[in-house]
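Colleague: I'd like to learn how to read a fold from its contacts. Can you walk me through one, starting small and working outwards?

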Amino acid sequence: MLKIPNQIQIGGTTFDIEFIDRTGGNNMGRTNYASTHITIAKNVDMDVASESSMQGTFFHEIVHAILEELGEYDLSSDERFVQSFSTILNQFTQQMIKENK
């Protein structure tokens with residue numbers, strides 16, 4: 001498993017990453033581009049989010065931030081694209097971590 005950092009650099013922007021109890025609504029994470037802040041929920045509905053789930057959320061929010069940094073606002077707004085891309089990126093990263101132990 002990848003340890004999610006407290007801060008990440010995307011292009012020329014530094015994003016702070018914070019784990020919060022709940023994000024509100026159905027979201028497991030949020031990216032605020034104005035404040036360069038990413039939040040990830042530790043709890044979803046009535047359950048504690050698994051480490052795997054939080055990692056998936058981390059990658060999902062990172063893809064949003066990358067697309068915004070690239071000026072790809074339409075793609076960043078396309079949740080289906082972001083989810084598909086982040087899932088593949090997460091799987092690739094996990095494979096690389098496993099193979100390089």
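Modeller: Sure, and keep in mind that this is a predicted model. Let's start with Ile4: leaving aside residues up to four places away in sequence, Ile4 touches Ile17, Phe19, Ile40, Met54, Gln55 and Phe58.

Colleague: Which residues make up the largest nonpolar core?

Modeller: The general idea first: in soluble globular proteins, nonpolar side chains tend to be buried together. Here the largest nonpolar core has 12 residues, namely Ile4, Ile10, Phe15, Ile17, Ile38, Ile40, Ala49, Met54, Phe58, Phe59, Ile62 and Ala65. Two or more of them come from each of strand S2 (13-20), strand S4 (37-41) and helix H1 (51-69).

Colleague: Which element gives the most to this core?

Modeller: That's H1, with 5 residues.

Colleague: Okay, zooming out: in what order do the elements of the protein chain run?

Modeller: From the N terminus on, you get β-β-β-β-β-β-α-α-α, so to speak the whole tally of 3 helices and 6 strands. The radius of gyration is 13 Å, close to the 13 Å that the globule rule gives for 101 residues, so the chain is as compact as a globular protein of that length.

Colleague: And how much of the chain counts as buried?

Modeller: Of the 101 residues, 31% do. The chain exposes about 6500 Å², with carbon and sulfur atoms supplying 52% of that.

Colleague: What about charges on the side chains?

Modeller: There are 7 positive and 14 negative side chains, and the centres of the two sets lie 9 Å apart.

Note on methods: Residues numbered from 1 in each chain as written. Predicted model: local features only at pLDDT ≥ 70, side-chain atom pairs only at ≥ 80, totals over all residues. Heavy atoms only, no water. Core = buried A, V, L, I, M, F, W, Y, C linked by side-chain atoms within 4.5 Å. Buried < 20%, exposed > 50% of the residue type's maximum accessible area, 1.4 Å probe, protein only. Helix = DSSP H or I, 4+ residues; strand = E, 2+ residues; numbered from the N terminus. Contact = heavy atoms within 4.5 Å. Rg over C-alpha atoms; globule rule 2.2 N^0.38 Å. Areas by Shrake-Rupley, 256 points an atom, 1.4 Å probe, with all protein chains shown as cover. Lys, Arg positive; Asp, Glu negative; His and termini not counted. Charge placed at Lys NZ, Arg CZ, Asp CG, Glu CD.
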